[in-house]
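User: I want to learn how to read a ligand-bound model, feature by feature. Can you walk me through one?

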Amino acid sequence: MQSYFNQLFSLENRVALITGASHGIGFGIACALAKAGATICFNGRSEEKNAKAIAAYQAEGINAYGYVCDVTNEEEVAKMVADIEADHGCVDILVNNAGIIQRTPMLEMAAADFRKVIDTDLIGPFIVSKAVLPGMIKKNAGKIINICSLMSELGRETVAGYAAAKGGLKMLTRNICAEFGEYNIQCNGIGPGYIATSQTAPLREKQPDGSPNPFDAFIRAKTPANRWGLPKDLEGPAVFLASPASDFVNGQILFVDGGILASLGRTPQ
Ligand code: NAP
Ligand code: GCO
């Protein structure tokens, strides 16, 4: 019986591209896909960062292949995907993970800054998905996983660009499902809750006087699990959505948020 489920969740002989996976959530997801058998390709924005990441992957016993590429640059993306196809074969699994956030009150946010977040968090996944889809269509199989957010569903002050991008990414996920499902391509999203990475470090850092960051207590109260998530909390959901176990799951956003979206939050004591 175990071998049946090993097969169902196996990624053996599959090539995975995880964007922005030199650290953080992308690194955690890439490690999980590797442990399920996938060949791991990732991109970063510099050889130096890629070299550090490759060493970190090796420390996990994983041979990962790094490519220098800015996901907002169509030429760089086309070259990266062509290089991956030449080195390893067509991309079977794409995780659109690369992303930025800018926390600025909307009235103080320049349109150029809003545009930069949309460029990276929404247009980047569009560009990279477009680059890998032809190979998936040819193979009549493929998995695309877009890393969405609670902000695909909720807003909050200072993250207008990010919420707009992640809301759009939810709908891009559904559109790829609708347009390519007939080629046995499944496109789903993962919506992480508040995860302890460098992106959320400013929300957890102690205040100048050494007192806890009020946002830290706010999130713990909003999260039924009463803790911040960790990249490892995303490992199982990512392997599930990348594997044959999810071949009839398409256009869904799987929230991995410790229950935030389901709860009004604990009343203050
Ligand atoms: P992170 O630590 O800031 O990592 C983001 C990664 O994306 C970095 O490797 C970064 O590369 C890369 N990147 C940024 N812009 C890029 C570009 N134009 N081209 C290529 N790579 C680029 O963030 P994280 O917390 O791991 O988040 C990863 C993803 O999860 C993001 O999409 C984020 O929106 C999403 N997410 C995060 C949380 C959370 O609570 N942390 C929750 C929900 C969703 P550099 O190292 O070169 O900057
Ligand atoms: C913020 C956080 C969130 C998380 C995540 C939640 O400033 O509110 O950065 O946006 O990163 O997206 O799912």
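User: Let us start with the shell around ligand 1. How do its residues divide into nonpolar, polar and charged?

Analyst: Sort the shell by residue class before looking at single contacts. Keep in mind that this is a predicted model. Around ligand 1 the shell holds 11 nonpolar, 13 polar and 4 charged residues. Glycine is counted with the polar class here.

User: Which residues come nearest to ligand 1?

Analyst: A shell residue needs a heavy atom within 4 Å of the ligand. Ligand 1 has 28 residues around it, and Arg45, Asn97, Tyr162, Thr197 and Ser198 come nearest.

User: Which helices supply at least two residues each to that shell?

Analyst: Map the shell onto secondary structure. Helix H2, residues 24-35, and helix H6, residues 160-180, each contribute at least two residues to the shell of ligand 1.

User: Now polar contacts. Where is an oxygen atom of ligand 1 paired with a side chain, and where with the backbone?

Analyst: The cut-off for a polar contact is 3.5 Å between N or O atoms. On the side-chain side, an N or O atom of Lys49 is 3.0 Å from an oxygen atom of ligand 1. On the backbone side, a polar atom of Gly20 is 3.1 Å from an oxygen atom of the ligand. Gly193 also takes part through its backbone, with an N or O atom 3.4 Å from an oxygen atom of ligand 1. Now turn to area: ligand 1 taken alone exposes 890 Å², and the protein buries 93% of that.

User: Which pocket does ligand 1 sit in?

Analyst: Ligand 1 sits in the largest pocket. Ligand 2 sits in the largest pocket as well.

User: Then apply the routine to ligand 2. How many residues surround ligand 2, and which are the closest?

Analyst: Ligand 2 is surrounded by 14 residues. The closest are Arg103, Ser149, Arg156, Tyr162 and Tyr194. By class, the shell of ligand 2 splits into 8 nonpolar, 4 polar and 2 charged residues. Tyr162 is listed among the nearest residues for ligand 1 and among the closest for ligand 2.

User: What polar side-chain atoms lie by an oxygen atom of ligand 2?

Analyst: Read them one by one. Ser149 places a polar side-chain atom 2.6 Å from an oxygen atom of ligand 2. For Arg156 the side-chain distance is 2.6 Å. For Tyr162 the value is 2.7 Å. As for area, ligand 2 taken alone exposes 330 Å², of which the protein buries 97%.

User: Next, backbone angles. Which residues have a positive phi although they are not glycines?

Analyst: Look up the angle, then the location, then the exposure. Asn13 has a positive phi of about 65 degrees and is not a glycine. Asn13 belongs to the loop between helix H1 (2-8) and strand E1 (15-19). Asn140 is another such case, with a positive phi of about 50 degrees. Asn140 falls in the loop between helix H5 (111-139) and strand E5 (142-147).

User: Why does Asn13 count as exposed, and why does Asn140 count as partly exposed?

Analyst: Compare relative accessibility with the cut-offs. Asn13 counts as exposed because its relative accessibility is 75%, and exposed means over 50%. Asn140 counts as partly exposed because its value is 41%.

User: Where does Trp228 lie, and is Trp228 buried or exposed?

Analyst: Trp228 is in the loop between helix H8 (214-222) and helix H9 (235-242). Trp228 counts as buried because its relative accessibility is 6%, and the cut-off for buried is under 20%.

User: How far apart are Trp228 and Asp257 in sequence and in space?

Analyst: Put sequence separation next to the C-alpha distance. Trp228 and Asp257 are 29 residues apart in sequence and 8.8 Å apart in space. Gly44 and Val71 are 27 residues apart in sequence, with 9.1 Å between C-alpha atoms. Gly44 itself is in strand E2, residues 39-44, and counts as buried at 8% relative accessibility.

User: What separates the C-alpha atoms of Val128 and Leu254?

Analyst: Val128 and Leu254 are 126 residues apart along the chain, and their C-alpha atoms are separated by 21 Å. Val128 is in helix H5 and counts as buried at 0% relative accessibility.

Key
Residues are numbered from 1 along each chain as its sequence is written. Chains are lettered from A and ligands numbered from 1 in the order in which they are written. This is a predicted model: local features need pLDDT of at least 70, side-chain atom pairs count only at pLDDT 80 or more; totals for chains, interfaces and linings use all residues. Side-chain values use heavy atoms; hydrogens and water are left out. A polar contact is a pair of N or O atoms within 3.5 Å; within protein, one must be able to donate a hydrogen and the other to accept it, and residues adjacent in sequence count only if both atoms are side-chain atoms. Accessible areas come from the Shrake-Rupley method with a 1.4 Å probe; for residues, only the protein chains shown count as cover. On a 1 Å grid over the protein atoms alone, a cavity is a set of points where a 1.4 Å probe fits but cannot get out, and a pocket is an open set with protein on both sides within 12 Å along at least five of seven lines; lining residues have an atom within 4 Å of a point. A molecule sits in a cavity or pocket if more than half of its atoms lie within 2 Å of its grid points. Helices (H or I, at least four residues) and strands (E, at least two) are DSSP runs, numbered from the N terminus. Buried means under 20% relative accessible area, exposed over 50%, partly exposed in between (1.4 Å probe, protein chains only).
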